[in-house]
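User: Please take a close look at one loop in this structure and tell me how its residues are placed and what they touch. Then use the other charged and aromatic pairs, and some of the strand pairing, to put that loop in context.

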Amino acid sequence: MTITINTADYQSALVPTSPEDPVYPYPRLQHERVGAPSPRQYRAIVLENRYLQLTILPELGGRIYRWVDKASGKNLFYENPIITPTTWGNRGWWLATGGMEWALPLDEHGLSEATPWDYQLYRSPDIVGVTLSDVEEHSGLISEITVSVDATHAYFTLMPKITNPTDHAVSYKFWINGMFALGSQQIGPGLRFVLPGGQVTVHSTGDPSLPRPHETMDWPVFKGRDFSKYETWQSYLGVFAAPAAHDSFMGAYNHQTNLGVVRIFPHQLVRGAKIFAPGDLEPKLWTTDGSSYFELWGGLAPTFWDEVTLEPGQHVTWQEQWYAVGDMGGFNYANPDAALNLGTTPESVQVAAASTQPINGRLILWQGEDPRQATDWPVSLAPERPFRGSYMPERGATGPWGLSLVDENGRTVAAIGRTGDGGEGGNTDGSIPGVEQVVVLDRDGQKRDWKWVEEEFGYQLMRAPIRSADNRVFRLIKLQEAQAGPVYVVEVRDAKGKPLSDYLVAQYSPTAPNEILNFANQEWHGFDRATFGYPDLYGNWGISLGADNQPGAYFVLSSEVPSDVLARVAPLRDSNYRCLRPTFKLVHEGPRVAGSDDSVAWDPRLDRLGIKLIKAEKRPGQPVFRLVAARFRDTAESQALHHVFVEVIDEVGRRIVGQPVVMAWSDGSARMVTEDKPPPEYAANVPMYNQLGQYRVYVEGDASDVIEGLGLPGKQHVSYLLTFQRVK
């Protein structure tokens, strides 16, 4: 299909650039030569389910042009009635078309928002989507943006993937920019911004009473003004969450249209969160009808002034969910399942909840430092049916207040503030091991002590505290002397010493010696100067050392499992780039939940779900497929996927291609065949639609272990990652 949009004749005003131009090979523009607008047709792709409809324009930078919330019938995005170039952007022009665009490889609006992108459609029984792709000509990076809509949720899912196919490291910037009006062509005093955290960094402003660019200010209240309320703005303003995104959600709410937008993203990886609104800027700068908009930005780096780097052959990918919320008066917490609002007036406590799929349960209000239940409300939520309530506390009663949404199975779907829902603590009584437990081997295979490491190489080890619910932690267990050459290699192993490829490994290069320790005190997450990627199927991750050869810190990155940090790592230039290659191992310390079998790298959360392993009988002389690893991804980790992912390897750990694997249920089965997919992708996968306990998985052909009881607990979108190994 096509849609028609009034478009100025800007293409005849484009001016080619030369190689010394920082935006080469993209054109600049002579604004005085831009011609009058006329109707122009654009190819359009429409994705929709019962809750939303997306219109995507591949010819205009692969942007999502329109997002209609079917409950309200309104477009959340700003939709400019005319496509005409502004004077903003790195090229000296930018099309303020509206919708959602992808900015790469420079800051602001990137370079390719006006160029055609390739696309590929796909469809499965419960998901439709499109992958938009572009080879960015300035950097050589490949951008792939997959946009998908499933049958049961009110959100759409974004999966960006940036790949470096070149033979050299590329430093770049990548940002998602959504232009919104939330059901109106004018933004006004009813607009509220949701940006977690206590400070922001100013990017730009016309308000002389505010800090200058690069400076920080308190958020949301600064000098008595609440800047989360657009009505307090006196001029244009753009701010970044400081020093980086504080939580995995952000968004905005329009009280005039009772419509809001929620963005859910992995903030440990995607660290940039920015808002911008035009304030007193004249709309004639970008349109002809006086309409206005605001912007929500998300990026890999914390600010436009920061960059990230991809080494040759590396890629980075993640998933985000974006959804609309209706009449709930705003929100101050959100996750992929629901958004909550909790606030007080002098007389009452106001609560609200909205969900991304139907949920029956209770909304519970909690009161006090030692939370007790103040009241609750039975709720039957759906994306088109949010809930609002109020509570009149007894005279003299005070908070703090907490709010939790609990479904009919007793699962806490979302919670904010202090609640009495319990939950597992993160600390154990296990002691943190010392450096003497690291095996250190020199080039001849002889054991060395940590003093030798410090004197010879200057490395520093920072042990992680145990803070995961199941006592898992990545420990540095071994250092092996080697020659780095151009690549430094990090090994990652599971509890049985087998390769582990589904956790990111990061290299962090501090700008000052003390920055490592500051970084370590921030729960091991620091991406201001970080490079990261997944290990290969053999558990190895290699990174180019770069020309500067600056000391770096290495660790395994996970929001759920802490990791030791090996810091001050730099190969010795005067000794053929001697280095010590680290091995990190996923271990349990302190009390442990026993897995189904001691020979399996078994996620203890599987036991709580009632999932079992049935061992196959080994016959003499006959091969058998053993389950050697089983990992669970909860709703947040799975990020809208609801699949069983399977890897099948041979006796020495090599992938077996073409091996059938079966997922069976009471009245049917699905057959998948392993493929030679690029790491870190698993060799095969199949979606799940039934409740927990319905599925069993095994390798077809020879005798095979069977893992049974898989499924979707409470219809939550979760995934299972299974590895079978052939044993003779």
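Analyst:
**Close look at one loop**

N49 has a relative accessible area of 10%, so this residue counts as buried, the cut-off being under 20%. The model is predicted, and the values below are computed from it. N49 is located in the loop between strand 5 and strand 6. A polar atom of the N49 side chain lies 3.0 Å from the backbone nitrogen of L52. Which residues does N49 contact once its neighbours within four places in sequence are left aside? They are K70, V149, D150 and H153.

One of those contacts, K70, also takes part in a salt bridge with E48, with N and O 2.7 Å apart. E48 belongs to strand 5 (residues 45-48), whereas K70 is in the loop between strand 7 (63-69) and strand 8 (74-75), so the pair ties together parts that are 22 residues apart in sequence. Both partners fall in the middle class of exposure: E48 is partly exposed at a relative accessible area of 39%, and K70 is partly exposed at 35%. K70 is therefore a contact of N49 as well as the salt-bridge partner of E48.

R50 is in the loop that also holds N49, between strand 5 and strand 6. R50 forms a salt bridge with E384, and the closest N and O atoms are 3.8 Å apart. This pair links distant parts of the chain, since E384 sits in the loop between strand 36 (372-381) and strand 37 (387-391), 334 residues from R50. R50 is exposed, with a relative accessible area of 55%, while E384 is partly exposed at 38%. The loop thus holds a residue that is buried, N49, and one that is exposed, R50.

**Charged pairs elsewhere**

Side chains of opposite charge can pair when their charged atoms come close. The structure has 24 salt bridges in total. One of them joins the side chains of D705 and K615, at 3.7 Å from N to O. D705 is in the loop between strand 59 (703-704) and strand 60, and K615 is in the loop between strand 52 (612-614) and strand 53 (624-633), so the pair ties together parts that are 90 residues apart in sequence. Is D705 buried or exposed? D705 is buried, because its relative accessibility is 0%. K615, at 37% relative accessibility, counts as partly exposed. There is also a network of salt bridges that links D603, R605 and D634.

Strand 60 (706-710) leads to another loop, which ends at strand 61 (719-727) and contains Q716. Q716 is buried, with a relative accessible area of 12%. Leaving out residues up to four places away in sequence, Q716 touches R411 and T635.

**Rings, and charges over rings**

A pair of aromatic rings is described by the distance of the centres and the angle of the planes. The model contains 31 aromatic pairs. For W175 and F240 the ring centres are 5.8 Å apart and the planes stand at 55°, so the pair is tilted. W175 is in strand 18 (residues 175-180) and F240 in strand 24 (residues 237-241), which places the partners 65 residues apart, in distant parts of the chain. Both W175 and F240 are buried.

Ring pairs also build a cluster, whose members are W67, F77, F156, F180, F193, Y230, W233, F294 and W322. Two arginines lie over aromatic rings: the charged end of R91 sits over the ring of W93, 3.8 Å from its centre, and R263 lies over the face of F265, 3.7 Å from the ring centre.

**Strand pairing**

An open sheet is formed by three strands in the order 4-1-9, with mixed pairing. Strand 4 (35-43) and strand 9 (82-83) are its edge strands, each pairing on one side only. Strand 1 (residues 2-9) and strand 9 run parallel and are joined by two bridges. Within that pairing, N6 stands opposite I82 of strand 9.

Further along the chain, strand 55 (residues 660-665) pairs with strand 56 (residues 668-673) in the antiparallel sense over six bridges. The two strands form a hairpin with two residues between them, and M663 stands opposite A670 in strand 56.

Conventions
Residues numbered from 1 in each chain as written. Predicted model: local features only at pLDDT ≥ 70, side-chain atom pairs only at ≥ 80, totals over all residues. Heavy atoms only, no water. Helix = DSSP H or I, 4+ residues; strand = E, 2+ residues; numbered from the N terminus. Buried < 20%, exposed > 50% of the residue type's maximum accessible area, 1.4 Å probe, protein only. Contact = heavy atoms within 4.5 Å. Phe/Tyr/Trp six-rings, centres within 6.5 Å; stacked < 30°, edge-to-face > 60°. Lys NZ or Arg CZ within 6 Å of the ring centre and 35° of its normal. Pairing = 2+ DSSP bridges. Salt bridge = Lys/Arg side-chain N within 4 Å of Asp/Glu carboxyl O. Polar contact = N/O pair within 3.5 Å; in protein donor to acceptor, adjacent residues only side chain to side chain.
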